[in-house]
Amino acid sequence: MQSLILSIVGLSVLCHLSWARGCCVPKQWAGDMGFMVGTNRNGKGGYQAGMVKIFYDARNGKFAEFSKGVVDGRPFEGGVIMDFETGVQYTFMDGHCNTTRLSQKEFKEACIPGKADKYTCEPGKTDTYTCEPGKADTYTCEPEEAKAVSDTHMGTADDSLDVTVYQMARKRIGGNSYFTITNKLCVPVGETITGTLPRSGMGYMSTVGYTGIEPGIKDPRVFDKPRICSSQVEEGFVDLYLKFGFLNHEMSSIF
């Protein structure tokens, strides 16, 4: 299974509640995310690297990303488009596509995780959150919380950018994350995660950085159905975690 970093598709704050939190990224923006990942499983090393073009539109409930890179020297190209107005998701990789229903009904904005009281969510939906079994068909969830650990700046003298560094435990992927957000506009800057995947015991270290972020969506056609994808919606959902591996939406702590 290729581990494709369809990362920020994450957007999946799947448990519904109005909760205390930090800032949220701008409502509409586009930009690039570069990534490098090193892995170790039973003494065998691996690496992944590439670029992801991101289009984020919280006003109209749409999200898209287009990825290109290498996994252990093998090239890949793919992406995901989520349209919450129609409830359809297009997942494509190396010339193949799945057209499915979105696994969540509402577009959730990407915000810095904060404190919250316990609340209920649907079974199995644990992106960003760590859940314990509750009564009947629900889970009682306790969200992971990001803690500010440093207020600093990037650059020098008058040519600098004020940022805040946050730390957060990533229990689902057995990791510890440090991510940086600008104080003005809440724009993501970069993130490093280290840990060991509970499912496989694979150790990893990942680093991502964001560049070229611009406000607005210049061409809304980026959210259109790709030509290789069918208009016929398949039964069931595409689990990005299972399809692409742990990197698909675990490389960013706010998406």
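Okay, a quick definition to start: when I say disulfide, I mean a pair of cysteine sulfur atoms within 2.5 Å. And keep in mind that this is a predicted model. With that cut-off, a search of the whole structure turns up three disulfides. So let's walk through them.

How are the bonded cysteines paired along the chain? Counting just those cysteines in order, the pattern is 1-5, 2-4, 3-6.

Let's take Cys-23 and Cys-186. Their sulfur atoms sit 2.0 Å apart, and the link is right-handed, with 70° about the S-S bond. Where do the two ends lie? Cys-23 is in the segment before strand 1, which runs 28-41, and Cys-186 is in the loop between strand 12 (175-182) and strand 13 (188-196). That's distant parts of the chain being linked, 163 residues apart.

Now, is Cys-186 buried or exposed? Buried means under 20% relative accessible area, and Cys-186 comes out at 3%, so it counts as buried. Its partner Cys-23 has 31% relative accessibility, so that one counts as partly exposed.

Right next door in the sequence, we have Cys-24, which bonds to Cys-111, with the sulfur atoms 1.9 Å apart. The torsion about that S-S bond is about 95°, so this disulfide is right-handed. Cys-24 lies in the segment before strand 1, while Cys-111 is in the loop between strand 6 (96-101) and strand 7 (119-121), so the pair ties together parts that are 87 residues apart in sequence. On accessibility, Cys-24 counts as partly exposed at 22%, whereas Cys-111 counts as buried at 6%.

That leaves Cys-97 and Cys-229. A disulfide joins them, S to S 2.0 Å. Why call this one right-handed? Because the torsion about the S-S bond is about 100°. Cys-97 is in strand 6, and Cys-229 is in the loop between strand 14 (203-215) and helix 1 (240-244). Again the link is between distant parts of the chain, here 132 residues apart. As for Cys-229, its relative accessible area is 5%, so it is buried.

If you have the model open, here's what I'd pull up. Start in the segment before strand 1 with Cys-23 and follow its link to the loop between strands 12 and 13. Then go from Cys-24 to the loop between strands 6 and 7. Finish at Cys-97 in strand 6 and trace across to Cys-229, in the loop between strand 14 and helix 1. That's it from me, happy to take questions.

Technical notes. Residues numbered from 1 in each chain as written. Predicted model: local features only at pLDDT ≥ 70, side-chain atom pairs only at ≥ 80, totals over all residues. Heavy atoms only, no water. Helix = DSSP H or I, 4+ residues; strand = E, 2+ residues; numbered from the N terminus. Buried < 20%, exposed > 50% of the residue type's maximum accessible area, 1.4 Å probe, protein only.
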